[in-house]
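Student: Could you take me slowly through a single part of this protein, the nonpolar patch on the surface, and set that part in the context of the whole fold?

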Amino acid sequence: MRVDISKTLHEVALQFPDSKGGGLILMWDTSREKPLALGDGYSRVILMVSDLDASMKHLRENDTRVVTQPTEAGPLRYAMVQDPDGYVIELLQLKR
């Protein structure tokens, strides 16, 4: 699946044929002019969830900082939260 997030930010999701939801997401920004350096790349941990709203409710009840509210993006929904060390974690739900 390919998703054009903006004019220059693109994402391709690849699923492993025999997996139950496992896969790989590749992202790139065509407007970037400098090579990536450690720490300045666009990367984060992404967790697949079956119920994004229930997951977000649980995280909010446990004082998790929300970075991006649940958002519709074609065949999926996502939200982003921040862990205690400041790393961004994306929660991803495929619409069925």
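Tutor: What follows starts with the whole chain, moves to the patch and the sheet around it, and ends with the other sheet. Please keep in mind throughout that this is a predicted model.

Read along the sequence, the protein follows the pattern β-β-β-β-α-β-β-β, which comes to one helix and seven strands. Of the 96 residues, 20% count as buried, and the accessible surface of the protein comes to about 7,100 Å², with 55% of that area belonging to carbon and sulfur atoms. Among the contacts that join residues at least 6 apart in sequence, 26% are between residues at least 24 apart.

Now to the part you asked about. Five residues, Leu14, Phe16, Leu24, Leu26 and Trp28, make a nonpolar surface patch of about 440 Å². The strand that gives the most to this patch is E3, residues 23–29, which supplies three residues. Leu24 is found in that strand, and its relative accessibility is 40%; because the partly exposed class lies between 20% and 50%, Leu24 counts as partly exposed.

To see how the patch sits in the fold, look at the sheet that contains strand E3. This is an open sheet of three strands in the order E1-E2-E3, with antiparallel pairing. Its edge strands are E1 (2–4) and E3, and each of these pairs on one side only, while the twist averages 15 degrees from one strand to the next. Strand E2, residues 9–15, runs antiparallel to E3 and is joined to E3 by seven bridges. One of the patch residues, Leu14, has Leu24 in E3 as its bridge partner, and Leu24 belongs to the patch as well.

For context, the protein also has an open sheet of four strands, in the order E4-E7-E6-E5, and here the pairing is mixed. Strands E4 (45–48) and E5 (65–73) stand at the edges with a single partner strand each, so one side of each is left without a neighbour in the sheet. Neighbouring strands in this sheet are turned by 20 degrees against each other on average, direction ignored. Within the sheet, strand E6 (residues 76–82) and strand E7 (residues 88–94) pair in the antiparallel sense over seven bridges, and you can look for Ala79, whose bridge partner in E7 is Leu91.

Key:
Residues numbered from 1 in each chain as written. Predicted model: local features only at pLDDT ≥ 70, side-chain atom pairs only at ≥ 80, totals over all residues. Heavy atoms only, no water. Pairing = 2+ DSSP bridges. Helix = DSSP H or I, 4+ residues; strand = E, 2+ residues; numbered from the N terminus. Axes fitted to C-alpha atoms, helices over the stretch in contact; angles between N-to-C directions. Buried < 20%, exposed > 50% of the residue type's maximum accessible area, 1.4 Å probe, protein only. Contact = heavy atoms within 4.5 Å. Areas by Shrake-Rupley, 256 points an atom, 1.4 Å probe, with all protein chains shown as cover. Patch = residues over 30% accessible without salt bridge, like charges linked within 9 Å, V, L, I, M, F, W, Y side chains within 5 Å. Salt bridge = Lys/Arg side-chain N within 4 Å of Asp/Glu carboxyl O.
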